[in-house]
Amino acid sequence: MSFVDVIWLIVRKDLRVELRSREILYTTLFFALSIVLVFSFSFVRAGVAVEDAAAGILWVAIAFSGTLALGRAFERERQNETLRGLLMSPAERPALYLAKLIGVLILLFAVELLVVPLVALLFQAPLFLYPFYFAGLLITGTIGFCAVGTLFAAMLGRARSRDVLLPILLYPITVPVIIAGVRGTAALLQADADLPIARAWLSMLVFFDVVFITLALWTFEAVMTE
Amino acid sequence: MNKLFSPLLIVIAAMFAFAPFLIGGAPYESTMGLVQKIFYFHFSAWMGMFAAAAACGWGSAVYLFKRRKSADHLAVAGAELVVVFGIIGLITGPLWGRKAWGVWWTWDGRATTALVMWLIFVSYLLLRRFGGPGSERLAAAVGLFGMFNVPFVYWSVNLWRTLHPKTTVVPSLPVSMGTPLWFSTAAFLGLFALLMALRRRLEERRADLETLHLALEE
Amino acid sequence: MKRLLLVLMLALCGTGAFAQQPTKPANEGFLPVDESAKKEEIPAAPLVMTGYAVAWIAIFIYVWSIWQRLGKTEREIADLNRRLAAGGRRS
């Protein structure tokens with residue numbers, strides 16, 4: 001079985017399981033919407049949002065709901081010891097990591113598909129004015145966040161206090177992703193969109209993704225074996 | 001314990017005894033006056049923190065791939081020292097900033113980077129403390145990721161904002177300020193080495209205890 | 001081991017006693033910091049003293065914490081050794 005076949009097999013399996021109940025999808029989506037709402041109350045005054053609030057709220061929603069999705073996805077694995085089963089299979093570890101990453105990404109992109117238009121609507125934010133830049137930021141940012149998150153969630157699999165440890169570990173390390181996402185999006189939302197800055201943030205995100213996916217692939221085996 | 005420990009202890013103690021003379025004798029900086037003297041310990045504490053972070057990163061990498069217990073001891077000792085020296089830096093910074101810039105915290109580039117790195121190592125320690133068995137390995141991954149993150153954090157926070165004295169400050173210091181600065185830094189780095197040795201000794205003894213427990217249960 | 005720790009702590013204490021009075025301000029200095037905030041009359045001396053105090057206290061607390069933990073571990077090791085020597089099989 002080729003490398004790509006293994007990945008595809010696992011992704012398909014995860015999607016099939018998820019589509020049966022859609023539990024993670026619905027709960028994550030609703031959670032993201034709640035976040036947007038709660039933060040809107042914090043940052044909107046007399047019907048007008050604080051400057052850059054839209055960008056900030058969007059990325060906070062992605063980060064928080066992403067953490068939730070990651071936790072839930074691996075909790076499901078843990079409950080049936082299926083991760084251990086996968087690890088014992090002859091499947092290459094990098095394939096496992098990538099398959100898990102792709103699975104979580106699909107989920108988060110689905111959530112973003114709904115949250116982004118909502119934020120655009122609530123804050124009259126012209127998020128689609130520069131669609132390629134914005135999509136670039138969104139995709140690379142989500143990938144960066146999930147690249148680190150997938151590794152951490154997997155390694156915390158059977159650790160004690162894993163529910164609270166995942167956010168504790170994940171947020172400080174993904175600070176650059178959040179900063180880049182928010183500032184990049186804010187640059188696009190400005191009245192006079194600052195494209196060079198958005199490009200700079202986009203480049204950083206691409207670089208971050210490459211470095212950290214590589215790092216995760218490199219350490220996945222070492223971290224997961226007893 | 002290591003034969004170098006006692007002489008090093010004496011040297012470092014002497015350096016710390018001498019430092020106030022050097023610092024007191026250094027000239028006042030023209031606009032900030034007395035409060036700038038915090039700088040000598042502030043800068044030195046950061047140097048100590050970098051050294052500790054490097055130690056933790058290195059130890060984490062070696063432990064993750066070679067499973068050498070001593071590397072893990074190095075990593076956890078380094079992480080604790082990052083937190084200790086970091087606290088010193090993070091408190092002396094705002095104290096200085098309050099007088100020099102008028103506000104306690106301004107989200108300045110370098111200060112924020114330091115804060116984020118400090119948080120990463122606090123999370124490392126929390127993982128080790130509350131993660132249950134096997135958390136040394138997981139923490140090693142966090143340490144390694146933290147190390148690789150340094151340039152990204154620095155770059156992104158800097159593009160976000162900056163107010164710090166430019167890096168050119170240190171080379172352009174007059175000799176009268178340079179000497180107490182490098183002296184304090186050397187003293188702090190020496191202190192770092194001492195504390196590192198102490199902390200690693202603790203880890204080694206804990207490992208010995210583990211072995212004894214296992215031996216007893218046979 | 002513990003004696004060495006004691007010496008370290010006393011040495012750090014001793015340096016405090018030797019703190020010197022600052023000399024008259026000189027007119028040289030490095031590039032001034034970018035001053036974007038208003039200038040208030042905040043006395044500098046308490047800030048400086050707090051800064052140095054924080055450094056000392058943090059180091060003291062840390063050394064003390066290592067001392068405590070080391071003592072506890074050594075006691076447990078001694079205890080286990082005794083038990084092993086006394087014919088060691090735990091039922």
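1. Start with a single side chain, B:Thr113. In this predicted model, the side chain of B:Thr113 reaches back to the backbone oxygen of B:Gly109, at 2.9 Å. B:Thr113 itself sits in helix H4 of chain B. Is B:Thr113 buried or exposed? Its relative accessibility is 7%, and since buried means under 20%, B:Thr113 counts as buried. A general point may help you here: an α-helix has 3.6 residues a turn, so residues three or four places apart point the same way.

2. Now look at the two ends of that helix. At the N-terminal end of H4(B), B:Asp108 acts as a cap, with a side-chain oxygen 3.4 Å from the backbone nitrogen of B:Arg110. After H4(B) comes B:Gly132, which has a positive phi, near 80°.

3. You can also test the length of H4(B) with simple arithmetic. The helix has 22 residues, and at 1.5 Å a residue these should span 32 Å. The C-alpha atoms at its ends are 31 Å apart, so the model agrees with the expectation.

4. Step back along chain B and you meet B:Trp107, in the loop between H3 and H4. Its phi is near 55°, which is positive even though the residue is not glycine. How accessible is B:Trp107? With a relative accessibility of 43%, B:Trp107 counts as partly exposed, because that class lies between the 20% and 50% cut-offs.

5. Chain A has a residue to set beside it. A:Gln124 is not a glycine, yet its phi is positive, about 45°. You will find A:Gln124 in the loop between H5 and helix H6 (131-155) of chain A. This residue is exposed, with a relative accessible area of 66%; the cut-off for that class is over 50%.

6. Back in chain B, try finding B:Phe188, which is part of helix H6. At 0% relative accessibility, B:Phe188 counts as buried. Which residue, 173 residues away along the chain, can you pair with B:Phe188? The partner is B:Met15: the C-alpha atoms of the two are separated by 9.3 Å.

7. With those residues in mind, look at chain B as a whole. Chain B contains 6 helices and 0 strands, so to speak a one-letter alphabet: α-α-α-α-α-α from the N terminus on. Chain B has 218 residues, of which 61% count as buried.

8. Chain A is built from 9 helices and 2 strands. Along the sequence, its elements follow the pattern α-α-β-β-α-α-α-α-α-α-α. The radius of gyration of chain A is 18 Å, close to the 17 Å that the globule rule gives for 226 residues, so chain A is as compact as a globular protein of that length. Along the principal axes, its C-alpha atoms fill a box of roughly 55 × 35 × 30 Å. As for burial, 52% of the 226 residues of chain A count as buried.

9. Next, the empty spaces. Rolling a probe the size of a water molecule over the atoms shows where empty space is left. The largest pocket has a volume of about 960 Å³. Its lining is made of 29 residues, and those nearest its centre are B:Arg128, B:Glu136, B:Arg199, B:Glu203 and B:Arg206. By class, the lining has 13 charged, 10 nonpolar and 6 polar residues.

10. Which elements supply at least two residues each to the lining of the largest pocket? From chain B these are helix H3 (69-100), helix H4 (109-130), helix H5 (135-160) and helix H6 (175-216), and from chain C helix H2 (44-85). Notice that the helix from your first points, H4 of chain B, is among them.

11. Finally, the structure holds 2 cavities of 30 Å³ or more. The second largest cavity has a volume of about 30 Å³. Its lining residues are A:Ala32, A:Ala61, A:Ile62, A:Ser65, A:Leu108, A:Val111, A:Glu112 and A:Val115. Helix H3 (53-79) and helix H5 (93-122) of chain A are the elements that give two or more residues to this lining. H5(A) gives the most, with 4 residues. By class, the lining of the second largest cavity has 6 nonpolar, 1 polar and 1 charged residues.

How values were computed:
Residues numbered from 1 in each chain as written. Chains lettered and ligands numbered in written order. Predicted model: local features only at pLDDT ≥ 70, side-chain atom pairs only at ≥ 80, totals over all residues. Heavy atoms only, no water. 1 Å grid on protein atoms, 1.4 Å probe; cavity = no way out; pocket = protein on both sides within 12 Å on 5 of 7 lines; lining within 4 Å. Points joined across faces, edges and corners; volume = space filled by probe spheres on them. Nonpolar A, V, L, I, M, F, W, Y, C, P; charged D, E, K, R; others polar. Expected span 1.5 Å × (residues − 1). Polar contact = N/O pair within 3.5 Å; in protein donor to acceptor, adjacent residues only side chain to side chain. Rg over C-alpha atoms; globule rule 2.2 N^0.38 Å. Buried < 20%, exposed > 50% of the residue type's maximum accessible area, 1.4 Å probe, protein only.
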